[in-house]
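Got the model open in your viewer? Here is a walk through it, one selection at a time.

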Amino acid sequence: MLLEVKELDVAYGAAKVLHGVSLAVDDNEMVFIVGRNGAGKTTLLKTTAGFMAPIAGSIAYAGESCGGTPAEAMALKGIRYVFQDKRVFSQLTVRENIELSAYMTPATPTQAVEKVLEIYPRMAQFLESRAGGLSGGQRQLLLLGCALIGEPRLLLIDEPTEGLAAGTIAEVFEVLQSVKGRVSMLIVEQNLDVVRRLADRVYAMKEGHIPREFRSASEFQEPDALEQYL
């Protein structure tokens, strides 16, 4: 198993947010987390990525214990986190954003640009434009491409289709589908159509707990199986 989270507790000060959360992601598996706003999904991703430290429980990545390891060290291990708020370096060009993403990876700046264009060829027309001028969907596609630079082993992606128009959601779907089976992914997502079409497994999250794991498509394709957690 590439990622194993066991009995994880996380708190903001005295407020406990995650309660005994356990999940796993295998090599080249696409796993989704669904749940209402405030269920603890983003906290779980941030803790896994090293932006927060757990107060109890364990996180193992590639067989190595790493709970509480800083985010920069986790990134060097091959974990990439794509934030929910579609943040880019607004004053830099798209090309410069991509080249910065290659820093501390094996990829050269040229290879980094080629990787992003491989994932989303239409980005070529924006390379010399400021990233702040991109639409929300274009930013999301840029960030997904940048996250794949340097051949990471695990992507943690928070709400990739949130707030996007239907046409852009389709583009994000195509990007995720194109890399399915080539890299492990743990994705928080509210769009159940995307979840049903892409997921290998699904975890439902509610009030800081994971009450159910859907182990196969036959389980989460059942009518209303996922809706009750949103």
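Start by selecting lysine 86: is it buried or exposed? Its relative accessible area is 10%, so lysine 86 counts as buried. You'll find lysine 86 in the loop between E6 and H3. Check the backbone there too: the phi of lysine 86 is near 55°, a positive value in a residue that is not glycine. Keep in mind throughout that this is a predicted model.

**One residue back**

Now pick aspartate 85, which lies in the loop between strand E6 (79-82) and helix H3 (94-101). Aspartate 85 counts as partly exposed, at 47% relative accessibility. Next, add aspartate 158 to the selection and draw a C-alpha to C-alpha distance: the two aspartates are 8.6 Å apart in space, with their positions 73 residues apart in sequence.

**On to glutamate 159**

Select glutamate 159, in the loop between E7 and helix H6 (166-179). Which sign does its phi have? Positive, at about 50°, although glutamate 159 is not a glycine. With a relative accessible area of 4%, glutamate 159 is buried.

**Zoom out**

Time to show the whole chain as a cartoon. You should be able to pick out eight helices and ten strands. The radius of gyration is 17 Å, close to the 17 Å that the globule rule gives for 230 residues, so the protein is as compact as a globular protein of that length. Along the principal axes, the C-alpha atoms fill a box of roughly 45 × 40 × 30 Å.

Switch on a surface if you like: the protein exposes about 10,300 Å², with carbon and sulfur atoms supplying 49% of it. Of the 230 residues, 50% count as buried. Among contacts with a separation of 6 or more, 69% are between residues 24 or more positions apart. Colour by charge next: there are 23 positive and 29 negative charges, and their mean positions are 2 Å apart.

**Strand E8 and its partners**

Select residues 184-188, which make up strand E8. How many of its five residues are buried? Five of the five, so E8 is largely enclosed by the rest of the structure. Show the side chains: Ser184, Leu186 and Val188 point one way, while Met185 and Ile187 point the other way, and all are buried.

Now bring in the partners of E8:

- Strand E7 (residues 154-158) runs parallel to E8, joined to it by five bridges. To see one pairing, select isoleucine 157, whose bridge partner in E8 is isoleucine 187.
- Strand E3 (residues 30-34) also runs parallel to E8, and four bridges join them. Here, isoleucine 33 stands opposite valine 188 of E8.

**Strand E3 and E9**

Keep E3 selected. Five of the five residues of E3 are buried, so this strand is largely enclosed by the rest of the structure. Its side chains point two ways, with Met30, Phe32 and Val34 going one way and Val31 and Ile33 the other; all are buried.

Add strand E9 (residues 201-206), which is parallel to E3 and joined to it by four bridges. Which residue of E9 is the bridge partner of valine 31? That would be arginine 201.

**Helix H1**

Move along to residues 41-49, helix H1. Seven of its nine residues are buried, which leaves H1 mostly covered. The buried ones are Lys41, Thr43, Leu44, Leu45, Thr47, Thr48 and Ala49. Step just past the end of H1 to glycine 50, where phi is positive, at about 100°.

**The antiparallel sheet**

For the last stop, select E1, E2, E4 and E5. What order do the strands of this sheet take? They form an open sheet of four strands in the order E2-E1-E4-E5, with antiparallel pairing. Strand E2 (15-25) and strand E5 (64-65) stand at the edges, each with a single partner strand, so one side of each is left without a neighbour in the sheet.

Finish on strand E1 (residues 3-12), which runs antiparallel to E2 and is joined to it by seven bridges. Label valine 10 and you'll find leucine 18 of E2 standing opposite.

How values were computed:
Residues are numbered from 1 along each chain as its sequence is written. This is a predicted model: local features need pLDDT of at least 70, side-chain atom pairs count only at pLDDT 80 or more; totals for chains, interfaces and linings use all residues. Side-chain values use heavy atoms; hydrogens and water are left out. Helices (H or I, at least four residues) and strands (E, at least two) are DSSP runs, numbered from the N terminus. The radius of gyration is taken over C-alpha atoms; the globule rule is 2.2 Å times the number of residues to the power 0.38. Buried means under 20% relative accessible area, exposed over 50%, partly exposed in between (1.4 Å probe, protein chains only). Contact means heavy atoms within 4.5 Å. Accessible areas come from the Shrake-Rupley method with a 1.4 Å probe; for residues, only the protein chains shown count as cover. Lys and Arg count as positive and Asp and Glu as negative; His and the chain ends are not counted. The place of a charge is taken as NZ of Lys, CZ of Arg, CG of Asp or CD of Glu. Two strands pair if DSSP finds at least two bridges between them.
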